[in-house]
Amino acid sequence: MTMGKVPNSRWAAMQSGLLKALLGLVGLSAGTAFATNDLPGGPAVNQLNMHPPVTAIAIEQNWLHWFMLILCTVIFVAVFGVMFYSIWKHRRSVGHKSQELPEPIWVELGWTIVPFLIVIGMALPATKVLVAQKDTTNADLTIKATGMQWQWGYDYIKGEGEGIGFISRLDPEHRAMSNAGTGPKPDDYLLKVDNPLVVPVGQKIRMITTANDVIHSWMIPAFGVKQDAIPGFVRDTWFRAEKEGMYYGQCVELCGKEHAYMPINVKVVSAAEYTAWVNEQQKMMAAKADDPAKVWELAALVERGATVYAANCAACHQANGKGAGPIKALDGSAIVLNKDHAEVISSLLNGRANGAMPAWKSLSDTEIAAVITYAKNSWSNQSGDLVQPAAVQAARNN
Amino acid sequence: MSAVLDHHDDHAHDDHHAPTGWRRWVFATNHKDIGTLYLLFSFTMLMIGGILAMGIRAELYQPGLQLVNPELFNQLTTMHGLIMVFGAIMPGFVGFANWMIPLQIGAGDMAFARMNNFSFWLMIPAGLMLAGSFFMPGGAPAAGWTLYAPLTLQMGPSMDAGIFAMHILGASSIMGSINIIVTILNMRAPGMTLMKMPMFCWTWLITAYLLIAVMPVLAGAITMTLTDRHFGTSFFNPAGGGDPVMYQHIFWFFGHPEVYIMILPAFGIISQIVPAFARKKLFGYASMVYATGSIAILSFVVWAHHMFTTGMPVTGQLFFMYSTMLIAVPTGVKIFNWIATMWKGSMTFETPMLFAVGFIFVFTLGGFTGLILSMAPVDTQLQDTYYVVAHFHYVLVAGSLYAMFAGYYYWAPKWTGVMYNETRGKIHFWWSLIAFNITFFPMHFLGLAGMPRRYADYPMQFADFNLIASLGAFAFGLAQVYFFVFVVLPTMLGKGEKAPQKPWDGAEGLEWEVPSPAPFHTFETPPKLNADANKIVA
């Protein structure tokens, strides 16, 4: 069903070379301090067109865009050719006298009917692609993506790997680099996640999207997929990646302050690699399932809490626990240090201040207990106080 | 159809007792004074919104966070949008309407002079609340100018202030619209039939109906947001069974006609200026009126093209894709008519004409990217990326704002009685046009490459285009300061060559039948018009 060819990379290289030369001329090349390279599966440096497509739908979208771009450019040049010809010839300064034109009805009818026909010509190929794009039936694998402030949760719902579930979030180092302002940044800056979504090549993947708090949107440009993730609703889209590799996208619906920091990363692997990954995940899940009944020692729980804190809390509350601006300090906080743990546990489970502090229900009981214990025993907080996972479990089930 | 007119000469009136000093402005009932107030308010808000935009572009000048944190960044984008749409563009066109509609139809003033005063002064508290929301606890609203639920439910108290401000602005717009409709339908001079009316009046008549139709819809949406926030309702809150997508449907049912509210009066201004400087009549006047009406009607059935990625059924997407593409047809008719008006004219290119031609050229570029975006499968790639940002700035800045600049240069001699400085006007035009394109053209590439909008920080590969856009934006902002200080201010102070009654030899219409500056009261008795209703015969 391919309708057209994607422009070749030589053309793209020539374009970006031209641009670099242009930028160099005015001495403005921003990237020169630290050379940035193209990110395969993600954006290229000064990319001028859509991402190189790796699904049939994305190829069609690229084709449609070229079709529209060429058609619109031709009309644009023709119409404004006439206008600029008139501006050139029909000026008073070259002595042109104004002449009223006759207004026969066929002129107005003509330039109503002809554009109408052109528009129909545009709508026909678009209709075909749109219908194909919306057909999510007969999927080999169904995965649910849940948008949360500010990370993605993935659950393998149906097909090989059913039951696997994990959270995918931006590498905290990248978030720190962003806060640092200037300084060298890697090619996958703001796109690198801890756990990419893994899918097999050549299979039809149905993505179900939903959200926990506000609207997010899940997209991978190379797949031609973009679907809002709406709390309280389930939506779906699909893709069949034809090429192995890493592919990148970002959240595209404003979802609060960390909107720019919840990337999407899909790793497309061969069928054999996928099976191996599924087996490994299932073994890891069995091993990692924390028993909430386990009674922890203070030191071990603080150590566990430190990793949870670095991955989830430090972005807002800062590594030193002092908070910033409207973000409350944890260091010295009465709520954190309270011997009665009910309020601090509920803050983590349900969020605070109307969601300004989001709910962290997605963390396990052990992780929540660990991070609270960490906060109670870090910086100037040295309470020696400890929250066991069982207490969190009890609060969660209330 | 004959116009109904008051018999002014039946009773003695007190025009020479017009208030002076601050009373002249606070108690203003004169359409010219109120028009001036509207225009000054609009320009002030343009500057405030512009400063916010400079903040956005300064942060995006290079990757990494340097100047603002992400919370403040979202506040900047949100308030930039709200202030520009509701504070700058809409009141700006109302200012033009106040000044020009009575002059163009030969009416003594607007129909409801005191309501006119009220609808202006209502905007001041609203403007203060919008601009002042940055100083409220938790900062300004940061949910985007579209105020999508349920993100709005997480906002601080400034969200309520914002909602209140928009209610007030909506009430003001509705009052303004009623005034314009009643004035146009009832107060035209004898002989000024509807189909002889200047195009600017026609486009405003249709715009006023659009405003009355959709402002209450916005009011409903934000009121439901307010009750969701404070009174336990769950219209849009999924936690209580509400529907966040319904918010988007209601918002865009307002929002798409709103787009045309901001562009139809611009079409009207351009339709006045092009014939004046081509020294010809407007080509296809009747078809221009019908095209404007068609655009207005179509604008009610295209709203969900803003929502292609929310997951509508395929039939819904097809309907909204087709209806959106159809808008290209009447818009095309307008462009063709303007070019036919230029054809075989005797054109000169004073600043108003430069801005008008610039408008046609750059607005059409934005129109074409709109056509590309209307294609749902392509929109899947481009929705919520910088491509959309580029598109709507091409139609709103190079469209609405350029038309207002054109209108200013065209009519300011009538308002102030002095000519603006032509060289400075031309500098303003070329500076704005070049800086505008440097700012927004690279955004098409960023969007095609997938850079999402409303991002405080971005991957390294997007750095160069963002840098170019930021430099362009600073230059564009500076151009508008230049415009005010070196073009507008001197004319307001009366410095410059004295303007003749009709400074443009090709211009037609009743506004050129009164002296420059237009006296405080004009057309106190209905003028007697010629057959074309564009000249006073007695």
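## Briefing: strands of chain A, a helix of chain B and their cores

Let's start with a well-covered strand: five of the five residues of strand 7 of chain A are buried, so to speak a mostly covered element. Please keep in mind that this is a predicted model. From that strand we move to its hairpin, the two open sheets of chain A, the contact between the chains, helix 9 of chain B and the nonpolar cores.

**Strand 7 and its hairpin**

- Strand 7 of chain A is covered on both faces, with Val225(A), Gln227(A) and Ala229(A) buried on one side, and Lys226(A) and Asp228(A) buried on the other.
- Its pairing partner is strand 6 of chain A (residues 216–220), and five bridges hold the two in the antiparallel sense.
- Within this pairing, Trp218(A) has Gln227(A) of strand 7 as its bridge partner, and Gln227(A) is also one of the buried residues listed above.
- Four residues lie between strands 6 and 7 of chain A in the hairpin that they form. In the turn, Gly224(A) has a positive phi of about 70°.

**The five-stranded sheet of chain A**

- Five strands of chain A make an open sheet with mixed pairing, in the order 3-2-1-5-8.
- Strand 3 (165–168) and strand 8 (235–239) of chain A are its edge strands, each pairing on one side only.
- On average, neighbouring strands of this sheet are turned by 25° against each other, direction ignored.
- At the strand 3 edge, strand 2 (residues 151–158) of chain A runs antiparallel to strand 3 of chain A, and four bridges join them. Here Trp152(A) stands opposite Ser168(A) of strand 3.

**The three-stranded sheet of chain A**

- Another open sheet, of three strands, has the order 4-10-9 in chain A, again with mixed pairing.
- Strand 4 (197–200) and strand 9 of chain A form the edges, and each pairs on one side only.
- Neighbouring strands in this sheet are turned by 25° against each other on average, direction ignored.
- Strand 4 and strand 10 (residues 263–269) of chain A run parallel and are joined by four bridges. Pro200(A) has Val269(A) in strand 10 as its bridge partner.

**Where the chains meet**

- Chain A brings 98 residues to the contact and chain B brings 83 residues.
- On the side of chain A that touches chain B, the elements giving two or more residues are helix 2 (56–89), helix 3 (105–133), helix 4 (172–180), strand 7 (225–229) and strand 9 (245–250).
- By residue type, that side of chain A divides into 47 nonpolar, 34 polar and 17 charged residues.

**Helix 9 of chain B**

- Helix 9 of chain B (residues 264–278) has 15 residues and reaches 21 Å from its first C-alpha to its last, close to the 21 Å expected at 1.5 Å a residue.
- Because 15 of its 15 residues are buried, helix 9 of chain B is largely enclosed by the rest of the structure.
- Arg279(B) follows the helix, and its phi is positive, near 55°.

**Nonpolar cores**

- The largest nonpolar core has 262 residues, and those with the most contacts inside it are Ile83(B), Ile270(B), Ile273(B), Ala356(B), Phe359(B) and Ala406(B).
- Helix 15 of chain B (residues 386–416) gives the most to this core, with 22 residues.
- Leaving aside neighbours within four places in sequence, Ile273(B) is in contact with Pro352(B), Met353(B), Ala356(B), Ala406(B) and Tyr410(B).
- A second, separate core has 23 residues, among them Ala370(A), Val371(A), Ile372(A) and Ala375(A).

How values were computed:
Residues are numbered from 1 along each chain as its sequence is written. Chains are lettered from A and ligands numbered from 1 in the order in which they are written. This is a predicted model: local features need pLDDT of at least 70, side-chain atom pairs count only at pLDDT 80 or more; totals for chains, interfaces and linings use all residues. Two residues are in contact if their C-beta atoms, placed from the backbone, lie within 7 Å. Ala, Val, Leu, Ile, Met, Phe, Trp, Tyr, Cys and Pro count as nonpolar, Asp, Glu, Lys and Arg as charged, and the others, Gly among them, as polar. A residue is buried if 20 or more other C-beta atoms lie within 10 Å of its own, exposed if 12 or fewer, and partly exposed in between; C-beta atoms are placed from the backbone. Two strands pair if DSSP finds at least two bridges between them. The expected span of a helix is 1.5 Å times one less than its number of residues. Axes are lines fitted to C-alpha atoms, for helices over the stretch in contact, and angles run from 0 to 180 degrees between N-to-C directions. A nonpolar core is a set of buried Ala, Val, Leu, Ile, Met, Phe, Trp, Tyr and Cys residues joined through C-beta atoms within 7 Å.
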